[in-house]
Amino acid sequence: MSLETDPDRLEAGQIRGTTDAPPPAEDRSAGQGRGAGRKVLTYAVLIVLALIFISPLIFMVVTSFKTRAEAGAIPPSWIPNPFTTQAYETILNASGTPVLRWFGNSMLAALANAAIVVTTSALAAYALARMRFAGQRIVFGLIIATLFVPPVILIIPNYLIVGELGWLNTLLAVIVPTAASAFGVFFMRQFFLGIPVELEEAARLDGANQWQTFWRVVLPLSRPALATLALLSFLTNWNDFLWPIYVLFSPEIQTLPAGLSTLQSANAVRYDLLMAGAVVASVPVLVLFVFLQRYLIEGVARSGLKG
């Protein structure tokens with residue numbers, strides 16, 4: 001029996017047709033208006049939150065281009081008048097504040113520390129994620145337990161060890177002690193657990209040994225996590241303030257945060273100089289975040305897929 005000759009099916013079709021019919025034009029317009037209103041409200045809230053978060057950064061940059069008198073004026077202004085680069089010329093050319101030397105020291109220490117942390121964390125995490133050996137869970141538990149130890153407690157033992165090794169007042173003192181990262185091991189292990197084991201089994205069937213599987217299969221798939229860990233390690237070392245003050249004594253060997261602290265004590269009311277130094281310290285961090293933010297988000301997201 002055809003649809004046209006079946007009264008029951010025809011009636012059902014008519015009912016469905018009536019039910020699936022598009023809403024009237026007035027309802028569609030009202031729904032689109034509510035959707036547009038919610039979108040405008042969402043963007044407005046996001047813009048306000050973004051301004052709240054970046055306003056200190058904007059004020060820091062603006063103040064660095066003010067004169068000494070205007071930088072300390074109350075109430076503060078948002079637009080430099082006159083616009084001057086005097087603060088940058090002062091901190092970059094002053095013999096007592098070698099900011100460029102501090103910048104180079106911080107860059108060398110942060111890059112070396114990030115490279116060592118990524119290397120040691122990736123190797124240890126792969127062993128804990130894929131290899132089976134006696135006491136594996138105990139070793140992993142002990143590593144995780146160190147995350148709960150406040151770093152300030154380790155200052156004195158680390159200082160004594162660094163002193164015994166003769167590394168005081170050298171960049172090795174700010175590179176090596178934090179080269180073994182419990183967070184890095186945990187982070188990379190979680191990421192490795194998310195990689196399908198079948199890929200490694202296929203590599204072994206093709207004749208690859210354990211190291212070749214790790215180097216040629218696992219590491220290329222782990223670029224987001226490696227980039228994320230490298231960035232976090234770089235930022236941690238770059239922003240470290242307390243430890244360099246204890247182990248670096250000479251002005252020419254200081255890192256940038258420690259050096260800027262002497263700038264602050266020597267120029268307590270020179271807000272223009274302080275803000276100029278803060279801008280110099282912020283540039284590498286902002287540049288790294290701009291170029292690596294995609295890997296940062298992907299690495300953090302994928303590392304939490306499997307516990």
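Serine 222 is located in the loop that joins α11 (210–221) to α12. In this predicted model, serine 222 has a relative accessible area of 0% and is therefore classed as buried. When residues up to four places away in sequence are left aside, the contacts of serine 222 are with Met188, Phe191, Phe192 and Ile195. Two of these partners, Met188 and Phe191, also take part in the contact of α9 with α12.

Helix α9 comprises residues 182–193 and helix α12 residues 223–239; the two pack at an angle of about 165°, and their axes lie 10 Å apart. Because an angle over 145° counts as roughly antiparallel, α9 is assigned a roughly antiparallel orientation with respect to α12. The handedness of the crossing between α9 and α12 is right-handed. On the α9 side, the residues in contact are Phe183, Gly184, Phe187, Met188 and Phe191, and their counterparts in α12 are Ala225, Leu226, Thr228, Leu229 and Leu232. Classified by residue type, this contact of α9 with α12 contains eight nonpolar and two polar residues, with no charged residues.

A second helix pair is formed by α5 (residues 99–130) and α6 (residues 136–145), whose axes come within 10 Å and cross at roughly 140°. This angle makes the arrangement of α5 relative to α6 oblique, since values over 145° would be needed for the roughly antiparallel class. The crossing in which α5 passes α6 is left-handed, whereas that of α9 and α12 is right-handed. Ala127, Leu128 and Ala129 are the contributions of α5, and they meet Gln136, Val139, Phe140 and Ile143 of α6. The contact of α5 with α6 includes six nonpolar residues and one polar residue, and charged residues are absent from it.

Helix α6 can also be described by the exposure of its residues. Gln136, Phe140 and Ile144 are buried in α6. These three residues span an arc of only 65° around the axis, so they fall on the same side of α6. Ile138 and Leu142, by contrast, are exposed on the other side of the helix. The packing partners of the buried α6 residues are α5 and α9. Of the buried residues, Gln136 and Phe140 belong to the set that meets α5. Helix α9 thus recurs in the description, as a partner of the buried residues of α6 and as a partner of α12.

Two loops show notable backbone geometry. The peptide bond leading from asparagine 81 to proline 82 is cis, and its omega is near 10°. Proline 82 is situated in the loop between α3 (68–71) and α4 (86–93). In the loop between α7 (155–165) and α8 (172–175) lies asparagine 169, which has a phi near 65°, a positive value in a residue other than glycine. The relative accessibility of asparagine 169 is 23%, so this residue counts as partly exposed; serine 222, at 0%, is buried.

At the level of the whole chain, the protein contains 15 helices and zero strands. Buried residues make up 33% of the 307 residues of the protein chain. Among contacts with a separation of 6 or more, 71% are accounted for by residues 24 or more positions apart.

Terms used. Residues are numbered from 1 along each chain as its sequence is written. This is a predicted model: local features need pLDDT of at least 70, side-chain atom pairs count only at pLDDT 80 or more; totals for chains, interfaces and linings use all residues. Side-chain values use heavy atoms; hydrogens and water are left out. Axes are lines fitted to C-alpha atoms, for helices over the stretch in contact, and angles run from 0 to 180 degrees between N-to-C directions. Helices (H or I, at least four residues) and strands (E, at least two) are DSSP runs, numbered from the N terminus. Angles under 35 degrees count as roughly parallel, over 145 as roughly antiparallel, 65 to 115 as roughly perpendicular and the rest as oblique. A crossing is left-handed if the near helix is turned anticlockwise from the far one by less than a right angle, and right-handed if clockwise. Contact means heavy atoms within 4.5 Å. Ala, Val, Leu, Ile, Met, Phe, Trp, Tyr, Cys and Pro count as nonpolar, Asp, Glu, Lys and Arg as charged, and the others, Gly among them, as polar. Buried means under 20% relative accessible area, exposed over 50%, partly exposed in between (1.4 Å probe, protein chains only). The arc is that of the directions from the helix axis to the C-beta atoms.
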